[in-house]
Amino acid sequence: MPKLFMLLLGCKPKGRHTEQHDIFFTISDSLKNCVPDIKNFWPDAGTIHIDSWRELTETEGYSIEVVPATSKQKDKLKLFFLNLGGYKPDEFEEYHYKMIIAAENKTIAIKKAKESAFFKHTGFKGAASHIDDKYGIDVDDLYNIEDILPESIKKNYRLRITENSKAAKDKWHIGYTNLAKVKNQK
């Protein structure tokens with residue numbers, strides 16, 4: 001059964017001084033079968049590992065279901081990934097908070113993000129929390145998840161988001177996971 005995966009990938013590309021990270025979404029029947037898409041997503045990364053991952057089945061009172069791309073039902077909700085950025089006084093770092101928001105459009109997703117504790121409390125005069133200036137406020141990243149899935153996946157699947165206040169919370173797998181070990185899982 002196809003599932004939506006959200007993965008935090010890490011690596012240290014040649015010539016870099018610190019580990020780099022990126023978020024990757026794909027649809028697969030298992031984590032193991034995500035490996036080829038992961039490698040295609042970041043081909044110049046060198047040795048990739050997974051720092052966190054989850055099967056994305058719910059968010060904020062909504063269920064997320066993978067359906068065939070040919071499914072005729074029109075959905076009013078979309079699934080957005082937001083990467084908020086913020087700062088703390090006297091810390092040489094930009095902190096990030098990743099959010100998955102079900103909303104009808106980007107404007108509503110941004111409004112929900114601005115209500116988060118991270119957005120309200122991570123920033124100070126001269127270093128405000130942000131989301132990306134092309135949306136009228138500062139936001140690091142804002143994407144409709146269906147738009148950033150691998151091309152081969154988009155041809156076959158789409159997402160259906162439905163209200164479900166009783167949806168079971170996703171299990172988050174946090175911690176270093178060697179990609180070679182995932183590839184060799186049974």
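These are my notebook entries on a predicted model, taken one feature at a time.

**Entry 1: the open sheet**

I began with the sheet that contains β1. It is an open sheet of four strands, in the order β2-β1-β3-β10, with antiparallel pairing. I looked up its edges next: β2 and β10 (173-178) are the edge strands, and each pairs on one side only. Between neighbouring strands of this sheet the average turn is 30°, direction ignored.

**Entry 2: strand β3 and its partners**

I then followed β3, which covers residues 49-55. Strand β1 (residues 3-11) pairs with β3 in the antiparallel sense over six bridges. I noted two residue pairs between them. G10 has H49 of β3 as its bridge partner, and L9 stands opposite I50 in β3.

On the β10 side, the pairing with β3 is also in the antiparallel sense, and here I found four bridges. I50 turns up again in this pairing, where it stands opposite T177 in β10. I50 therefore has L9 opposite it in one pairing and T177 of β10 in the other.

How many of the seven residues of β3 are buried? I counted five of the seven, so β3 is largely enclosed by the rest of the structure.

**Entry 3: D22 in the edge strand β2**

I moved to β2, residues 20-28, and picked D22, which lies in this strand. Is D22 buried or partly exposed? It is partly exposed, because its relative accessible area is 34%, and buried would need a value under 20%.

I listed the contacts of D22, leaving aside neighbours within four places in sequence. They are L7, L8, L9, F41 and W42. L9 was already in my notes as the residue opposite I50 in β3. I also checked D22 against P43, 21 residues apart from it along the chain. Their C-alpha atoms are separated by 13 Å.

**Entry 4: the cysteines**

I searched for disulfides and found zero in the structure. C11 is in no disulfide, and the nearest cysteine sulfur, that of C34, is 17 Å away. C34 is likewise in no disulfide, with the sulfur of C11 as its nearest at 17 Å.

I looked up the accessibility of both. C11 is buried, with a relative accessible area of 2%. C34 counts as buried too, at 0% relative accessibility.

**Entry 5: helix α2**

I turned to helix α2, residues 106-114, and asked which of its residues are buried. They are A109, I110 and A113. These residues cover an arc of only 100° around the axis, so they sit on the same side of α2. On the other side of the helix, I found T107 and K111 exposed.

I also looked at what covers the buried residues of α2. The cover includes β6 (78-86), β7 (95-103), α3 (117-121) and β8 (141-144).

At the N-terminal end, N105 caps α2. A side-chain oxygen of N105 lies 3.1 Å from the backbone nitrogen of T107. T107 is one of the residues I had just noted as exposed.

**Entry 6: positive phi in two loops**

I looked at two residues with positive phi that are not glycine. E60 has a phi of about 45°. E60 lies in the loop between β4 (58-59) and β5 (62-68). With a relative accessible area of 43%, E60 is partly exposed.

The other is D90, with phi near 65°. D90 belongs to the loop between β6 and β7, two strands I had noted among the cover of the buried residues of α2. D90 is exposed, because its relative accessible area is 82% and the cut-off for exposed is over 50%.

**Entry 7: R160 in β9**

My last stop was R160, found in strand β9 (residues 157-163). Is R160 buried or exposed? It is buried, because its relative accessible area is 13%, which falls under the 20% limit.

What does R160 contact, leaving aside its neighbours within four places in sequence? I listed S63, I64, E65, V67, S71, Q73 and D75. With Q73 there is also a polar contact: the two side chains are joined at 3.3 Å.

Technical notes. Residues are numbered from 1 along each chain as its sequence is written. This is a predicted model: local features need pLDDT of at least 70, side-chain atom pairs count only at pLDDT 80 or more; totals for chains, interfaces and linings use all residues. Side-chain values use heavy atoms; hydrogens and water are left out. Buried means under 20% relative accessible area, exposed over 50%, partly exposed in between (1.4 Å probe, protein chains only). A polar contact is a pair of N or O atoms within 3.5 Å; within protein, one must be able to donate a hydrogen and the other to accept it, and residues adjacent in sequence count only if both atoms are side-chain atoms. Contact means heavy atoms within 4.5 Å. Two strands pair if DSSP finds at least two bridges between them. Axes are lines fitted to C-alpha atoms, for helices over the stretch in contact, and angles run from 0 to 180 degrees between N-to-C directions. A disulfide is a pair of cysteine sulfur atoms within 2.5 Å. The arc is that of the directions from the helix axis to the C-beta atoms.
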